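Let's take a walk through this one together, from its sheet and its cores out to a few odd spots in the backbone. Keep the viewer open as you read.

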Amino acid sequence: MNVDGTVKAIKEMEIRGAGRIARAASAALSEFVSSKEWKNIDEMRKDVLKAKDKLISSRPTAVSLLNAVQYTMKGFDASVNVKDAANLIIKNSAEFVSASDEAVSKIGVIGSRRIKDNATVMTHCNSSAALECIKEAHRNGKKIKVYATESRPWRQGILTVNELAKEGIDVTLIVDSAVRSVMRKVDIVLVGADTITSNGSVINKIGTSQLALAANESNVPFVVCSETYKISPQTLFGDTVTIEERDINEIVRKGEVHESVKVFNPVFDSTPPGYIDAIVTELGIISPGSVYEIMMRQFGDVTFS
Ligand code: RUB
């Protein structure tokens, strides 16, 4: 898909979920340099930077998007001719997309080991990393029951229940407000991440922190499944994560509430490290306290502007 098509699809949630957004943005940059011709590197640089900015601004919360685009453009500034620069972006993108897919599979294998036979799992929204752990455990013959939240207002939970049901997994849809009362039947909570901050907080779909609170109260392990490129190096230098606010039409229909009523639609929230038992990454299971170390290992050479 081209850059404008990808930006539109991300904004309109046709492409959604932090990992998918990241891979789509990287692939769009690759498509851009493959399909266009430039007379010189300066012209190309201007256009590629414009495309990069458009992609990065398509959704504000998931750092996976920024990290994917930065990875795809690694070395681009130093390129001296159009052909080499295009080849570099194409190669970086192919590397990123395949490493990202592979990371989800590895997370699935590692995370599945945390799911016991006959376990009841709760999940929120629609995270490919979290669902891969559940599917892998199921493929390994474990009998699993899943409670999936509806995830208002966009209702990504509908995608989750259908995805799991197609695999033959026993899945029950619950409304978000049922989380606390259902928690006592749950053995483990598995959720995804859009961004992980330097102190180990996890930014994920609105309501995630409520699952964490309820899990904590019931002594249920709360586990985040996330590729390491969702760690935000910028947060180390004091940047905070922007929580996306989406259109109020996702919550209320036109004319449904009195015109003086304000409607607030933040679509992500932050779960503090104290509520997170483990983060399953492609490198293995880490604690929120070791995010800083992983950050330095993965992004040590990133420059901040
Ligand atoms: C999706 C969401 C997912 C994370 C992780 O929100 O919060 O839990 O993005 O997903 P939205 P994945 O639907 O608003 O994009 O594990 O697939 O990267």
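One thing to keep in mind from the start: this is a predicted model.

A good place to begin is the small open sheet, where three strands line up in the order β5-β6-β8 with antiparallel pairing. As a reminder, strands of a sheet pair through backbone hydrogen bonds, either parallel or antiparallel. Which strands stand at the edges? Those are β5 (195-196) and β8 (268-271), and because each has a single partner strand, one side of each is left without a neighbour in the sheet. Zoom in on the β5 end: two bridges tie β5 to β6 (residues 202-205), and Ile-196 sits opposite Val-202 in β6. Now look at what lies against the sheet. Helix α9 packs on it, touching β6 and β8, and its direction makes about 35 degrees with that of β8.

From there, turn to the nonpolar interior. The largest nonpolar core has 28 residues, and the ones that touch the most other members are Met-122, Met-183, Val-186, Val-189, Phe-222 and Val-224. Two or more residues each come from α8 (179-182), β4 (188-191), α9, β7 and α10 (291-299). Helix α9, then, turns up both on the sheet and in this core. Pick Val-186 if you want a feel for the packing: leaving aside neighbours within four places in sequence, Val-186 is in contact with Thr-120, Val-121, Met-122, Tyr-147 and Val-220. There's also a second, separate core of 26 residues, and its members include Ile-15, Ile-21, Met-73 and Ala-86.

Next stop, Thr-61, in the loop between α3 (41-56) and α4 (63-72). Is Thr-61 buried or exposed? It's buried, because its relative accessible area is 3%, below the 20% cut-off. What does its side chain reach? That would be the backbone nitrogen of Glu-244, at 2.9 Å. Apart from neighbours within four places in sequence, the contacts of Thr-61 include Asp-194, Thr-195, Ile-203, Val-241 and Phe-268. You've met some of this neighbourhood already: β5 starts at 195 and β8 at 268.

Now for the backbone oddities. Most residues other than glycine have a negative phi, and most peptide bonds are trans. Cys-125 goes against the phi trend, with a positive value near 60 degrees. Cys-125 lies in the loop between β1 (119-123) and α6 (128-139) and is buried, at 8% relative accessible area. Asn-219 also has a positive phi, of about 55 degrees, and is placed in the loop between α9 (208-217) and β7 (222-225). Asn-219 counts as exposed, because its relative accessibility is 70%. As for the peptide bonds, a cis one joins Arg-152 and Pro-153, with omega about 5 degrees. Pro-153 is in the loop between β2 (144-149) and α7 (156-166).

Finally, the cysteines. How many disulfides are there? The count comes to zero. For Cys-125, the nearest cysteine sulfur is that of Cys-225, 13 Å away. For Cys-225, the nearest is that of Cys-133, at 3.8 Å, which isn't within the 2.5 Å that a disulfide calls for. Cys-225 is buried too, with a relative accessible area of 0%.

Conventions: Residues numbered from 1 in each chain as written. Predicted model: local features only at pLDDT ≥ 70, side-chain atom pairs only at ≥ 80, totals over all residues. Heavy atoms only, no water. Helix = DSSP H or I, 4+ residues; strand = E, 2+ residues; numbered from the N terminus. Buried < 20%, exposed > 50% of the residue type's maximum accessible area, 1.4 Å probe, protein only. Polar contact = N/O pair within 3.5 Å; in protein donor to acceptor, adjacent residues only side chain to side chain. Contact = heavy atoms within 4.5 Å. Core = buried A, V, L, I, M, F, W, Y, C linked by side-chain atoms within 4.5 Å. Pairing = 2+ DSSP bridges. Axes fitted to C-alpha atoms, helices over the stretch in contact; angles between N-to-C directions.
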